[in-house]
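Trainee: Could you take me closely through one helix pair in this model? I should like to see how the two helices are placed, which residues join them, and how far the prediction may be trusted there.

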Amino acid sequence: SSTLCVWIAALVVEHSNGSLYWHLLKASPEVSDWLAAAGVLRLGLYPLHQWLPIELDREPDRSVLLIAIPSMVGLALWARLALAQALPIESIVPTLAVLSALVGALLAWRSPQPRQGLPLAALSLLGLAVVGAVTPTTIGTPSVAALNWLFIVVCLFISRGLDRRSPWWMGGAVIAGLSLAGIPGTLGFIVRDQLIGGLIESQAWFMLAALLIAEALLIGYTARLIVTPADEAEPCSSLRQISFGLALAVAAVPLVAFALASSLAPGVPTLQAMLVDMSAADGLAWAAPIVVGLILAWQNHRVVPVESALATQPIWASWLRLEWLTRLVAYPVRWIAEVVRRLAGVVEGEGGLYVKMKGDKLLDVKLKLFEPPRLFEAFLRGRNDSEAPDITARICGISPVCYRISHLHSMCS
């Protein structure tokens, strides 16, 4: 559906004799709407996040690819629209972004097992990044917000929890937590400073309050994730240790390097300029989520006790996760799939394979074909034998050669 929206936008541009190159694109309101819809569908904002993997099983480091790559494509599209000044004037995206930030942060913080909340934390961080893309800020902030989201998510997914024997594997999560909190010297400080300043300047108080609440919950969740003892096995082989170390370095180093080297993040103020220009209101909005988040992390064991780690989620959490919507959508999909399967059985037929084994020994194999009657015998009565191959070939439009050859074999035998 996202690709379809891009195609429609391209057709509208070509119909108006416009250019499909970004640097020459002059997007009309209709084109902006279609491209924005493509970005929203690809992002997977709440409640359009149903395709995102929620259950990570025991491979969170590999699951990050399913979350990061599609959403990064949507963020890149939105950043392109922002740079081309082609974002829709009125859109539902800011509302969905704020909703994603709040719901994702709340569900992640409320997760009994910290690792289970990683996809929900990624959803919340995605909402914050989209808020940064639609908020009036400096021209480079949308791109920086997208990079900050990507590096933080990758670090949190592939890092391990607290382990005194090998604490270096939690280094990526610590750097990601510092960037998430917006500590000076990290990429997150640039994003938070520009975002808070833009919301205060535009007097978007509701969005600012929602942003601060989501950040406080995320900081509390991330602190709990870092200090929770690791439950994954440490990389054993040298090759796996090297690959994990390189992945952590690639994700964690840019969170600091992009912030300290202003040439790597063009279009945003330097660290010194932001610290000098920070007002009292900006400083209060910056510090409040950090303080509240650390308090939430400290008090979290009273809200989500360890004994409930394997317990079922509360009803309100299931409703917020939209599990009922997933089941509602899955029912007609299963019904349609069953109808298609039965129709395929009528058109193409079905086969059943019966295998009998005792231990590792194969005792019996039976293949049963359930082919419905074609009733082509009536068409063949009174026909010349030279006409029969062409008639029998029309039993099936997908595999006519099989029926033609089968009839020729029967005639020649």
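**A close look at one helix pair**

Mentor: In this predicted model, helices α8 and α9 cross in a left-handed sense. Two packed helices are described by the angle between their axes and the distance between the axes. For this pair, the axes come within 8 Å and cross at roughly 150°. Because that angle is over 145 degrees, α8 counts as roughly antiparallel to α9.

The contact can be read residue by residue. From α8, the participants are Arg192, Leu195, Ile196, Leu199 and Ile200; from α9, they are Trp205, Met207, Leu208, Leu211 and Glu215. By class, eight of these residues are nonpolar, two are charged and none is polar. The spacing within each helix is worth following on the structure. An α-helix has 3.6 residues a turn, so residues three or four places apart point the same way.

The charged residues are Arg192 and Glu215, since Arg and Glu count as charged. Arg192 lies in α8, which spans residues 187-201. Its relative accessible area is 4%, under the 20% limit, and Arg192 is therefore buried. Beyond its neighbours within four places in sequence, Arg192 is in contact with Glu215. Its other contacts at that separation are Leu180, Ala181, Gly182, Ala285, Trp286, Pro289 and Ile290.

Among these partners, Leu180 and Ala181 belong to helix α7, residues 171-181, and both are buried. The other buried residues of α7 include Gly172, Ala173, Ala176, Gly177 and Ser179. Gly182, also in contact with Arg192, follows α7 and has a positive phi, near 75°. Arg192 thus touches the end of α7 and the residue after it, because its contacts include Leu180, Ala181 and Gly182.

Another helix pair provides a point of reference. The axes of α5 (residues 118-134) and α6 (residues 141-158) come within 8 Å and cross at roughly 170°, so these helices are likewise roughly antiparallel to each other. In α5, the contact residues include Leu118, Pro119, Ala122 and Leu125; in α6, they include Trp149, Ile152, Val153 and Phe157. That contact holds 14 nonpolar residues, two polar and no charged, whereas the contact of α8 with α9 holds two charged and no polar.

As for confidence, α9 (residues 205-227) has the highest mean in the chain, at 90. The lowest mean, 72, belongs to helix α3, residues 60-83. Over the whole chain the mean pLDDT is 79, and 83% of the residues score at least 70. The stretch 303-311 stays under 50, and the model has 10 contacts for it beyond four places in sequence. Where pLDDT is low, the predicted coordinates should not be read in detail.

The wider setting is a chain of 17 helices and two strands. Of its 413 residues, 42% count as buried. Among contacts between residues at least 6 apart in sequence, 72% join residues at least 24 apart. In summary, the left-handed crossing of α8 and α9 brings together eight nonpolar and two charged residues, and the Arg192 that takes part in it is buried.

How values were computed:
Residues are numbered from 1 along each chain as its sequence is written. This is a predicted model: local features need pLDDT of at least 70, side-chain atom pairs count only at pLDDT 80 or more; totals for chains, interfaces and linings use all residues. Side-chain values use heavy atoms; hydrogens and water are left out. Helices (H or I, at least four residues) and strands (E, at least two) are DSSP runs, numbered from the N terminus. Buried means under 20% relative accessible area, exposed over 50%, partly exposed in between (1.4 Å probe, protein chains only). Contact means heavy atoms within 4.5 Å. pLDDT is the predictor's confidence in each residue, from 0 to 100. Axes are lines fitted to C-alpha atoms, for helices over the stretch in contact, and angles run from 0 to 180 degrees between N-to-C directions. Angles under 35 degrees count as roughly parallel, over 145 as roughly antiparallel, 65 to 115 as roughly perpendicular and the rest as oblique. A crossing is left-handed if the near helix is turned anticlockwise from the far one by less than a right angle, and right-handed if clockwise.
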